[in-house]
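Subject: The structure for you to look at

Hi,

Here's the structure I said I'd pass on. Have a look at it first, and then read my notes below.

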Amino acid sequence: MPLADPTIRVRIAPSPTGPLHIGTARTALFNFLFARHVGGTFLFRLEDTDLARSTTENERDIIEGLHWLGITWDEGPDAAGGDDIGPYAPYRQMARSASHKAAADRLLADDAAYPCYCTTDELEADKRAQEAAHQPPRYVGRCANLTAAERAAREAEGGVPALRFRVRPGVVGWNDMVRDRIEIDTANLGGDFVIVRADGTPLYNFVVVVDDAAMEISHVIRGEDHVSNTPKQILMLEALGYPVPEYGHLPLILNPDGTKMSKRKSQTAVDDYRGQGFIREGLVNYLAYLGWSPGTEEDVLSLDEIIERFDIDKVQKGGARFDRDRLEWLNGQWIRQLQPEDLIDRLRPFLEAARDDGRISRVPSDDEVRSLMPVVQERLPTLAAIVDLVGFLWVDELVVDPALVVPKRWDAATTVDGLTAARAALAAHDPVTWEADELEPPLRELVAARGWKAGDLFMAIRVATTGRTATPPLFDTLVALGPERTIRRLDAAIATLTAPIARA
RNA sequence: GCCGCAUUCGUCUAGAGGCCCAGGACACCGCCCUCUCAAGGCGGAGAUCACCGGUUCGAAUCCGGUAUGCGGUACCA
């Protein structure tokens, strides 16, 4: 652990207008990594000013999702539901409106901002005119220099003003932590911009500046889609007399087609990945490598190892497409590294879900699952895959496609012959020694005696007892199935194969 | 349209003037292992480092331009 550095303070400030987004999680992760690597403070602030779209369910989803990933904050809402934790509480914007109001009043008093009485109709007309003239859209400044008398007149007419920030001419620049020097001429900012709506509620860009300053944020690390907000925020910081933090703009996570990742084209909810059986270790590892790499040839790293190696200088500048194949591979890597007992615990909800929707008839005991670990753990790309892999073990009525039971090189008659002989050999086996290395030799002998290929017989037995052509090793599977069900399933398969033959 | 940013195998990336006619990983293909499927091992294919000029003895790496892509352009966040 590095020595604590109280001067480094970073934050994630999601707005609860939707469930935890993979992009939010990635931004949170990078802030977290940055803070933990240098021993700084990582805080969480809820940007809940969009009343119409914010919900408490989303808040919970975001907080829980981040914690699930192992991303924890030093200051912010209490994940357990208690009061906000930290010296700068509250950590939700709606609860901080007094300070926003004070800042707005200060800007107004300094004439750094002014009331704007323009109506939406006027604004839209301006925009249309600019479009027609092939001019970039910008506020024309109609209310920028109103006299006190003019303002009073507007008020008297019932005009309710929004508050606009006065954009000064010049160039605003900063040394971005990931993309070096960026300079933007304020003439391209679209004119004076609104910071407080006519209804009195403040806008994101303004609130963020006030809250970040109040919480003494030293480094603002966020998505590239915010670079155009940065000059506006710097301008407001200057007007308010606050120090300007360092900025770092992360490359975007992209859809497979290269556009900014969206719900429309990709799966974006962290909880959906979780529900599909991705584990936190895999997801975090994958997310960290989207736009960053340690510069070594390591690719499977734990959160702690990533913290150790994290360096914002090594963050990529270009966007990164989300590659689910790679995520699955990493997830499998991490599933294989889990302690068996841990894996069993994590598998349980997926087995319960499968039982609830009828894919399996019952949830196996921990002992049953534990005995399967040696053959199952290395075969799981996701936790949810357990059901496809060995769900047949917990199904009462196994449905077997007769066509599948007959191996490629065999015909139905040979298959019946083979299964019957195998059934006899297995039925003769002492149920007490029903173990993989006990079951195999007699069947090998049978194969040799009849001149068959082991693979053919084994495949017939496999499909007859599991309904599938791909399973864990056959004899381990039969052991898990137990003598009784093995014989019963063999009988059932033989019966379905003989019926049509008898008719023919 | 305007402003900004980006551009190394299909994808994620290594690379900070000679170590690179470019390394790793995923995906793909083949072989080995093998009762199937995985896992694992080995090997293969895959990038004229977007393009064009320049600087230099030497450029993926520095400079300029072009192209393409993306982001932003709200009384959204």
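Quick bit of vocabulary before we start: helices and strands here are DSSP runs, numbered from the N terminus, and a residue is near a strand of RNA if one of its heavy atoms lies within 4 Å of it. Also keep in mind that this is a predicted model.

Let's begin with the RNA. Helix H4 (120-132), strand S4 (162-165), strand S11 (320-321), helix H11 (324-337) and helix H18 (454-466) each bring at least two residues to the surface near RNA strand B. The largest share, five residues, belongs to H11. There are 60 residues around RNA strand B, and the ones that come nearest are Arg197, Ser228, Glu378, Arg379 and Arg462. On the RNA side, sugar and phosphate make up 73% of the atoms of RNA strand B that come within 4 Å of the protein. If you sort the protein residues of this surface by type, you get 20 nonpolar, 17 polar and 23 charged.

A few individual contacts are worth finding on screen. In the side chain of arginine 197, an N or O atom sits 2.4 Å from a phosphate oxygen of RNA strand B. Glutamine 333 also has a side-chain N or O atom by a phosphate oxygen of RNA strand B, at 3.2 Å. Glutamate 378 goes for a base instead: one of its polar side-chain atoms is 3.1 Å from a base nitrogen of RNA strand B.

Now the pockets. The largest pocket holds about 960 Å³ of space. It is lined by 33 residues, and His21, Gly23, Thr24, Asp225 and His226 are the closest to its centre. Strand S1 (9-12), helix H1 (22-38) and strand S8 (219-223) each give at least two residues to this lining, and H1 gives the most, with four. By type, the lining splits into 13 nonpolar, twelve polar and eight charged residues.

The second largest pocket has a volume of about 400 Å³. Of its 19 lining residues, Arg138, Tyr139, Arg164, Gly190 and Asp192 are closest to the centre. Two or more residues each come from H4, strand S7 (193-196) and helix H6 (204-214). Which element gives the most to the lining of the second largest pocket? That's H4, with five residues, and you've already met H4 at the surface near RNA strand B. The lining of this second pocket has eight nonpolar, four polar and seven charged residues.

Cheers

Note on methods:
Residues are numbered from 1 along each chain as its sequence is written. Chains are lettered from A and ligands numbered from 1 in the order in which they are written. This is a predicted model: local features need pLDDT of at least 70, side-chain atom pairs count only at pLDDT 80 or more; totals for chains, interfaces and linings use all residues. Side-chain values use heavy atoms; hydrogens and water are left out. A polar contact is a pair of N or O atoms within 3.5 Å; within protein, one must be able to donate a hydrogen and the other to accept it, and residues adjacent in sequence count only if both atoms are side-chain atoms. Ala, Val, Leu, Ile, Met, Phe, Trp, Tyr, Cys and Pro count as nonpolar, Asp, Glu, Lys and Arg as charged, and the others, Gly among them, as polar. On a 1 Å grid over the protein atoms alone, a cavity is a set of points where a 1.4 Å probe fits but cannot get out, and a pocket is an open set with protein on both sides within 12 Å along at least five of seven lines; lining residues have an atom within 4 Å of a point. Grid points are joined across faces, edges and corners, and a volume is the space filled by probe spheres set on the points.
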